[in-house]
Amino acid sequence: MKYKRADFPPDFQFGVATSAYQIEGHANGGAGQTHWDSFAATPGNVANAENGDLACDHYNRFEQDLDLIRGAGFDCYRFSTSWARVLPEGRGPINQQGLDFYDRLTDALLKRGIKPCATLYHWELPSPLADLGGWRNRDIANWFADFTEIIMGRIGDRMFSVAPVNEPWCVSWLSHFEGQHAPGLRDIRATARAMHHVLLAHGRAIETMRGLGMSNLGAVFNLEWAEPADDSSEAQTAAALYDGIYNRFFLGGAFKKSYPQNVLEGLEPHLPDKWQDDFDTIAAPVDWCGLNYYTRKLITRADTSWPSLTDVPGPLPKTQMGWEIDPAALSRFLIRTAQEYTGDLPIYVTENGMASAERQNDADRIDYLNQHLAEVCNALDHGVPIKGYFIWSLLDNYEWALGYEKRFGLVDVDFETLERRPKDSYRALQAALVRDQSG
Ligand code: GCO
């Protein structure tokens, strides 16, 4: 690595991120059905019809995985809690095994000197709640608050940080407008409601955790840079709308108590009544803001109904996902977010990383990480209060609708034998991060 721990402020945290459904093995330990199980069981939705039943079997192998985290010298581990593992029906009866699992995981992290950073929801909604309309149903904010109370009532005393929801855009737009993630809808009314309710649920969870006396609570947004595909005013308008839908809607709700006008032009008729009245909850004060960043898109006008835009292929080098590599957009986002939304609030890069087909000698990933860390340094030089950087991901894992083919891990997983093998990127980070034992 070009960068070392010493190139960053003394309190800067390095971490890795994972999510429950992508690694745990959902069939383990009495978890309930989720909308990802039925989405994956529906022909055509997921590459090779793969699901998260076994995944990395982290549920049974977490000690070994936490050893890997410690072995590389990471300070923090960002994991998520599975709602259906704790509450198989989404509400009501508790699966004690599930609570016990997160309790063991927490203590195993602390024993190794790793800070536990929890995300409460990373996309696997319990099916009985999906049956009631899931994110379309306003009641989800209270169901989520109840789940928050139960899981954080058990492990909240030992968390370094907590964020309620991973990537509201994916939970709502990608899943209800584009239909690419569970529940696989393509419905504008469902989309508008999901976008609003996911923020409302975030706010209710923050309020609930404050009630438990917890601190260091945040929010995690995925941002994608929207670049006009050409100089035309049509392309610029389309890119501004893409930016509105993807980035500004959620940041605006959480930090400014407002939604962007260009997004409201299409979505307002579909939002729930009196949506403005929810902003005090949605914008419940947080202690930090997390940004997940991977790529940019070139956007232009399309001859369709609203939002009348599309993306076109760009010229930059691409990852195994086909995503363009554009490190400069990361510092632009960090600076813009601080300037326009969060001010002095600490910012974390809560996810950054790449998929690569290279299973051992992943020089491409080392390069990607170096290029993005350079942009983190650039934003720090501009005075942005960035407090940490998390890599997605520790292990190769279940990449949602793309199954197990796309490999984001610092550690290779053989999905036949479940053997873990650190890649070159893991060793490079280890050399950069492990603290001098003598010092
Ligand atoms: C994300 C997710 C992960 C994905 C990763 C790569 O937050 O988008 O947290 O679940 O696997 O981003 O697509």
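Start by selecting Asp396: in this predicted model, its relative accessibility is 0%, so Asp396 counts as buried. Now add Arg407, whose side chain meets that of Asp396 in a salt bridge, 2.6 Å from N to O. Arg407 counts as buried too, at 10% relative accessibility. Both partners sit in the loop between β9 (386-392) and β10 (411-413), so the pair ties together parts that are eleven residues apart in sequence.

Next, move to helix α5 (residues 96-111) and helix α7 (residues 140-155). Pick Asp103 in α5 and Arg154 in α7; the pair ties together parts that are 51 residues apart in sequence. Their side chains meet in a salt bridge with an N to O distance of 3.5 Å. Is each partner buried or exposed here? Asp103 counts as buried at 17% relative accessibility, because the cut-off for buried is under 20%. Arg154, at 26%, is partly exposed.

Keep those two on screen and widen the selection to Asp100, Asp107, Asp157 and Arg158. Together with Asp103 and Arg154, these residues are linked in a network of salt bridges.

For the last stop, select Asp57 and Arg61. Their side chains form a salt bridge as well, at 3.0 Å from N to O. Asp57 is buried, with a relative accessible area of 7%, whereas Arg61 is partly exposed at 26%.

If you would like to keep exploring, how many salt bridges does the structure hold? The count is 30, and the pairs on this tour are among them.

Definitions and conventions: Residues numbered from 1 in each chain as written. Predicted model: local features only at pLDDT ≥ 70, side-chain atom pairs only at ≥ 80, totals over all residues. Heavy atoms only, no water. Salt bridge = Lys/Arg side-chain N within 4 Å of Asp/Glu carboxyl O. Buried < 20%, exposed > 50% of the residue type's maximum accessible area, 1.4 Å probe, protein only. Helix = DSSP H or I, 4+ residues; strand = E, 2+ residues; numbered from the N terminus.
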